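Colleague: Please take a close look at one part of this model, the place where two of its chains meet. What makes up that interface?

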Amino acid sequence: MSTPILEGRKLTKTYGGVLALYRVNLSLYAGEILGLIGPNGSGKTTLFNALSRVVPVDEGHIFFRGQDVTDMRPYQIARMGLARTFQVIRVYRKMTVLENMLISRPWRDVRPWDLLKPSRHDIHRRAWELLEFFQIAHLAHMPAGALSGGQRRLLELAMASMPDPDVFLLDEAMSGINPTLVEQIKERIMEMREQHGKTFLLVEHNIQFIADLCDRVVVLHQGQVLAEGTPAEIMDNDDVIEAYLGV
Amino acid sequence: MSRFTPPSASENPVRRYDIWLWVILVLLAALYPFTQPTTARLLIAIQMFMLITLASNWNLIGGMTGYVDFGHLTFFGIGAYTVGILMTRSGEVIFAPQLSFWQAWPFSGLTAMLFALTLGAATLRLKGPYFSIAMLATLLAMREIVRLFTPLTGGGGGLDLPPELNRIQEYYIALGLMALSVGLMWWIRNSEFGLSLLAIREDEIGAEMRGINTTLHKTTAFALSAFLTGLVGGFWAWQNTYIDPDVVFFEPRNLEMIMAAVLGGLGTVWGPPLGAAVLYWLREFFWNRFLFAHLLGLGLMLIFVVLFLPGGLVGLLQKGRVTSVLDLWRLQPAHEEET
Amino acid sequence: MSFLQALLNGILVGGFYGFMILGFSIIWGVMGIINLAHGEYVMMGAYFAWAMFRQFGIDPLISAVLVFPVMFVVGYVLQWLVINRVVERPHLISLLLSFGISISIANIYKLIYTADYRSVTVSYAGSFQLAGLTFPTVKTIIFFAGLLLMAALHLFLQRTRLGKSIRAAAQNKEAAKIVGIDINRVYAITAGICVGLTAMAGAMIAPIQPIFPFMGPLFTVRAFAITALGGLGRIPGALLGGLLLGIVETLLTIYVPGTGAKVGTAVSFLILVLVLVTRPQGLLKGLRPVEEGA
């Protein structure tokens with residue numbers, strides 16, 4: 001098997017004596033859609049935060065494109081082509097939707113002098129295209145704080161897509177979005193994977209969504225990997241049913 | 001693609017052309033000395049221009065980036081003492097040729113900026129309130145340090161600068177500095193750099209996750225703000241012809257700089273000039289009769305503005321919602337009004 | 001001065017610091033308000049003790065008891081009328097607001113009492129010998145009074161119904177509201193208690209500290225440093241942080257020549273920056289990360 005594009009090795013993280021992650025190994029291969037499920041408090045968001053370097057891990061290493069990024073700053077990883085959304089939505093509430101999009105531009109190849117100019121036309125164009133796709137273009141000049149929860153989720157998805165990253169980490173990105181749009185986003189994810197080889201790591205509580213979309217599923221339980229396999233295998237796994245579905 | 005709006009239409013037209021209003025105002029102000037004003041009036045104008053410049057510079061780090069700097073006067077002081085020392089102390093303490101004001105002045109900005117870079121490396125890593133208190137402590141410490149290094153700074157006795165009084169010339173320098181500072185703020189606000197600063201203010205982790213090198217951006221803003229503040233300090237020392245720790249690190253000046261930005265509207269381009277002008281007017285025509293309570297007045301005003309005018313005067317003008325004093329009370333719970 | 005003696009002095013001062021900053025720490029922990037006017041409450045307490053001593057010859061330790069109800073009301077009213085309006089708003093706002101409050105209070109006191117330095121000289125100002133060490137009487141009394149009050153506050157927070165609502169409000173505001181806690185009232189009471197305790201601390205140090213209207217920031221900066229060392233809203237943490245700062249301050253004053261009484265602010269500042277730059281969570285990981293912008 002080829003080397004993973006994003007890999008966590010033996011990640012351990014404690015919060016004030018509580019073990020949030022214990023020696024978790026996770027490999028994400030290019031072009032794959034991986035689902036991450038587990039009961040509340042099983043460490044899914046912590047794992048996300050660790051992989052995107054929002055919180056430092058106590059032990060373990062993170063590799064992105066074969067490079068050890070354990071000690072890198074979040075913006076460096078973002079510039080290497082990793083984008084994420086947050087479970088608690090992080091949009092800039094006091095700025096307009098469009099400004100939110102402009103801020104999420106790819107910062108990788110910005111020369112210092114360009115920073116002193118307004119956003120370029122192609123950035124504007126891309127922002128509008130994405131707003132169109134996520135059906136929030138009509139809100140472009142509203143402050144993001146005035147949007148509904150679902151609209152903010154869409155905005156966050158659109159923002160994550162702005163820099164055209166190769167790897168998306170989506171933390172419960174589908175909650176609060178209407179089913180029709182969820183179907184469309186699902187199609188879009190498939191399309192991005194098929195045509196552009198994008199990679200996705202999804203945290204979802206919507207099992208159907210995971211089952212439809214994912215190639216592989218990893219189950220976290222009490223900070224450890226409980227099971228790993230295809231959606232079908234996971235659904236049949238007795239441990240998973242016991243831990244997760246609470247039967 | 002049916003609803004695709006071309007970029008030009010997506011910009012707020014007011015925001016694009018408001019700079020011309022500023023240019024016209026500055027040009028009009030440039031004509032003022034031709035009306036043969038009295039020296040006292042010129043001095044009032046110079047002081048007001050300096051307050052506007054200071055408020056605008058403070059706004060860059062305190063308002064736009066959201067790092068509330070309670071000790072920004074430190075950079076003013078460094079600028080003032082740089083000019084003072086370079087103009088009077090050469091040969092005695094520092095081995096450099098005696099400099100004229102024009103030769104010494106650029107160094108006031110540069111030393112302030114260097115100090116900001118050094119200090120910022122530590123303090124800008126502190127979040128929110130810790131940064132604020134660290135800067136306040138820096139200001140308190142700086143005043144004592146200046147007092148202690150008597151050979152260099154003249155200690156409590158201060159330094160006398162060679163007087164070179166030409167109020168008209170000073171007027172144009174002050175006007176130029178102000179035009180530059182406010183113009184720069186406008187430019188930054190409309191640039192991607194400005195957007196990134198606003199993003200840092202609202203959600204620094206989010207900005208970082210979206211690929212912005214937050215450390216670089218906020219340090220740049222801090223250093224730029226310090227540079228301009230240092231220039232004002234250097235100019236102030238020269239036109240005042242005398243500096244000592246008490247007149248340079250004058251507490252009301254520190255507070256007025258912050259107050260003007262808050263009153264006008266944090267993070268807005270036109271707030272600090274507006275706020276500073278209003279504040280200066282208040283001081284000249286009202287508070288001067290109650291000088292003993294000047295700081296108290298500023299303190300109470302800060303409380304009032306924070307409680308009832310969170311968007312500042314600019315926010316008020318934009319909303320156009322206040323028709324009576326009673327409305328002020330009702331404005332308070334509207335959280336989205338905050339800048 | 002022997003090392004042990006220096007250490008003792010540091011511990012005595014530090015115990016007091018631990019008590020002095022409790023109000024600051026609890027207000028931050030419970031409401032997320034950074035109270036820059038903290039030092040001003042110390043100042044108000046000190047002036048109260050000075051005025052009582054001058055007018056009626058009342059001992060500062062008795063004044064410390066008397067000042068609590070007075071300042072409780074001040075804290076309660078200020079919280080109820082002013083600060084409760086900004087609890088939900090970004091840190092930036094509460095910072096600016098409390099900065100305004102701090103400046104207003106200091107300048108009101110300047111108008112009333114002028115900027116002159118005042119002092120209170122009590123009859124028991126000397127010191128006594130014990131086990132070969134010199135105990136300054138006032139500092140020793142303050143130290144034990146501080147410990148006692150800390151214990152009392154701990155019991156209050158752990159055992160009483162009111163104390164439990166305060167802790168509930170600190171941990172989860174929404175949940176506290178749901179179970180029927182009137183959050184604004186709890187905040188006002190918390191602020192009353194904190195301001196009262198802070199003023200008590202101010203009254204207690206009146207005999208050993210020059211009193212002037214602008215003494216506040218010295219204590220506010222210390223409060224920040226101790227919070228960075230010991231964590232937020234935790235009484236043992238406050239004590240530990242206070243002891244650490246007190247010992248470092250005293251040792252530096254004694255062993256580094258040229259540092260005078262002004263060393264306090266500088267040391268606090270250095271500790272604050274060093275601790276937070278190297279350990280953003282605080283020395284004991286007790287710092288709640290300051291949410292950006294909100």
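Modeller: What follows describes the interface of chain B and chain C, mainly from the side of chain B. The model is predicted. In it, 43 residues of chain B are in contact with 39 residues of chain C. The two chains bury about 3800 Å² between them, and 78% of that area is on carbon and sulfur atoms. On the chain B side, the residues that lose the most area to chain C are B:Pro129, B:Tyr130 and B:Ile133, which together account for 18% of what that side buries.

As for polar links, the rule finds 0 salt bridges across the interface of chain B and chain C. It finds 1 residue pair in polar contact there, with both residues at pLDDT 80 or more.

Several helices of chain B supply at least two residues each to the side that touches chain C: α6 (128–148), α9 (192–202), α10 (204–209), α13 (251–264) and α15 (294–308). The largest share comes from α6(B), with 10 residues. B:Pro129, B:Tyr130 and B:Ile133, named above for the area they lose to chain C, fall within the range 128–148 of α6 in chain B.

Sorted by class, the side of chain B that touches chain C has 28 nonpolar, 7 polar and 8 charged residues. That count can be read beside the 78% of the buried area on carbon and sulfur atoms and the 0 salt bridges found by the rule.

Key
Residues numbered from 1 in each chain as written. Chains lettered and ligands numbered in written order. Predicted model: local features only at pLDDT ≥ 70, side-chain atom pairs only at ≥ 80, totals over all residues. Heavy atoms only, no water. Contact = heavy atoms within 4.5 Å. Buried area = accessible area lost by both parts, 1.4 Å probe. Salt bridge = Lys/Arg side-chain N within 4 Å of Asp/Glu carboxyl O. Polar contact = N/O pair within 3.5 Å; in protein donor to acceptor, adjacent residues only side chain to side chain. Helix = DSSP H or I, 4+ residues; strand = E, 2+ residues; numbered from the N terminus. Nonpolar A, V, L, I, M, F, W, Y, C, P; charged D, E, K, R; others polar.
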